[in-house]
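Here is a short, friendly walk through a few local features of a protein chain. Have the sequence and the model open beside you as you read.

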Amino acid sequence: METSANASSPPSTSFASSPLASIVPSSLAPILAQIIPSSISSRFAGGEPIFAIVSSLASWKSIALTLFLGYALLCRALRYRREASMRRTFGYPDRASLAKMTTEDAQLILRDLLTLEFPQFAVTALQFGLFKTYGVETISRLLLATRNLTDPVASLKRYEDTAVVIGEFTANPPGSARSVASIARMNFLHSKYVSSGQISNADLLYTLSVFITDPERFMRLYEWRPLNDMEYCAYAVFWKSIGEAMGIRYQGYLSKTEWKDGVEFAQDITAWAKSYEVVAFVPSKVSNKPAVALIPMITYWLPGFMKDFAGECVTVLLGDRVREAFMLPEPGLTPAVFVYSTLALRRAFLRHLSLPRFQRLIRHHPRGCESPDQTDQRLHLTFSYGNYPFYVKPTFWNRWGPEAWAMWLAGGKLPGDDPKTHFSEGFFFEELGPLNRMGQGKAEMEADVQRMKAKGMGGCPFG
């Protein structure tokens, strides 16, 4: 019987004389001699560095896989490091510590979520939350009566002004001049409708609730991670303080009048909002009109052939109960599959393959006016919240930069186009709101500012 040459032949001369032979067990030498090509063995014998030779043995696929896995681990580590860092920074390591959370801390936590952690869906959640309130017929009826959402001109300013007001008191510290001025302006614009009974306390409380419930829902379902208890608490603490500044009553609506922390308050208002939706969300032709007017604003930048499909995608995110209240047609299977699969892919990509944002996405602080206490000069936005350049200063960059060129190619308006319509000169707080109420209410706003300052807008609402 012929004996296998591989089993009996001694190690190759080139391998036996190479530096590698001296660092491997003698029992493995025959095997390695057969596996390692003589060309590689001769490179060992020639004294070539081991690292270079090992690298030549590894295929480009192995190297690529190693780099990919290393990058993925780096992305995951850095993404979750910020969450842990926020807990250490603010000093809320567990549920017991949340009982002492201040409104100042809550605003700073929300600022990090809006500008660093979830810059897209933190804002999208608020937009869809406001959209959802129009499913309440009494809210939609008032919008139709004022024409603030259906008029082709007034609706544009109304959308922008709502975003500016909310942006001011979320971007600036509680109790700062700009924060309380924006709340005072909101209170003035609501005041005549509240006093006449056109806006009920239930309407205001439900609108307040969506700013707590919808961010939690959107992050849990669609973002790369859900809110933790500290962040959930921060939403509740912050918006509870806004509700109190607006004079919203909780007694007789929520199940409690005292709560141990923001999480308990959030759970209480969420339970009430769900029960309220069962009664308030009924199919209504009144609610249908603002919904039909708002969807084109959401899909404004898309090509015409995509608008109908995008409109169906919007109704997917609204959910069945809200969609039925708006009397909108049920979306097809394709939009639903597209929305949920796209969001799932986005979530996986952000969690595993995207480094966290290292620079804040500044949505609101206008360039040249970072002071939270400066209200004596006109303010400009860095960029518009909506589809038109309201309150954006027509600088050279804003008119000729790459974003401006993209907007121009898409057929949009640039800062400086129609300056009187889009108020390129900026805004004072008393000018926010409908055109027929611009400049009104300055005295009422000042009195409200003094009321809020006397009461205090910071501190811990549950301690």
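The report below looks at a helix pair, then at another helix, and then at some backbone angles. Please keep in mind that this is a predicted model.

**A pair of helices**

Two packed helices are described by the angle between their axes and the distance between the axes. Here, helix 10 (residues 154-171) and helix 11 (residues 177-195) have axes that come within 8 Å and cross at roughly 145°. The crossing of helix 10 and helix 11 is left-handed.

Which residues make the contact between helix 10 and helix 11? On the helix 10 side you will find Val165, Glu168 and Phe169, and they meet Arg178, Ser179, Ser182, Ile183 and Met186 of helix 11. By character, the residues of this contact divide into four nonpolar, two polar and two charged.

**A closer look at helix 11**

Helix 11 carries a kink of about 35°, with its centre on Leu189. From the first C-alpha to the last, helix 11 reaches 26 Å, close to the 27 Å expected for its 19 residues at 1.5 Å a residue. Helix 11 is also mostly covered, with 14 of its 19 residues buried. Following helix 11 comes Gly197, with a positive phi near 85°.

**Helix 8**

Helix 8 (residues 121-133) has 13 residues that should span 18 Å at 1.5 Å a residue, and its end C-alpha atoms are indeed 18 Å apart. How many residues of helix 8 are buried? Eleven of the 13 are, so helix 8 counts as mostly covered, where buried means under 20% relative accessible area. The buried residues include Phe121, Phe128 and Phe131, and also Lys132 and Thr133.

**Positive phi outside glycine**

Most residues other than glycine have a negative phi. Met327, however, has a positive phi near 55°, and Asp418 has a positive phi of about 50°. The table shows where each of these residues is found.

| Residue | Phi | Loop between | Relative accessible area |
|---|---|---|---|
| Met327 | near 55° | helix 17 (320-325) and helix 18 (333-353) | 40% |
| Asp418 | about 50° | helix 20 (402-409) and helix 21 (419-422) | 36% |

Are these residues buried, exposed or partly exposed? Met327 is partly exposed, because its relative accessible area of 40% lies between the 20% and 50% limits. Asp418 also counts as partly exposed, at 36% relative accessibility.

Conventions:
Residues numbered from 1 in each chain as written. Predicted model: local features only at pLDDT ≥ 70, side-chain atom pairs only at ≥ 80, totals over all residues. Heavy atoms only, no water. Axes fitted to C-alpha atoms, helices over the stretch in contact; angles between N-to-C directions. Helix = DSSP H or I, 4+ residues; strand = E, 2+ residues; numbered from the N terminus. Left-handed = near helix turned anticlockwise from the far one by under 90°. Contact = heavy atoms within 4.5 Å. Nonpolar A, V, L, I, M, F, W, Y, C, P; charged D, E, K, R; others polar. Expected span 1.5 Å × (residues − 1). Bend = angle between axes of the 7 residues up to and from the residue. Buried < 20%, exposed > 50% of the residue type's maximum accessible area, 1.4 Å probe, protein only.
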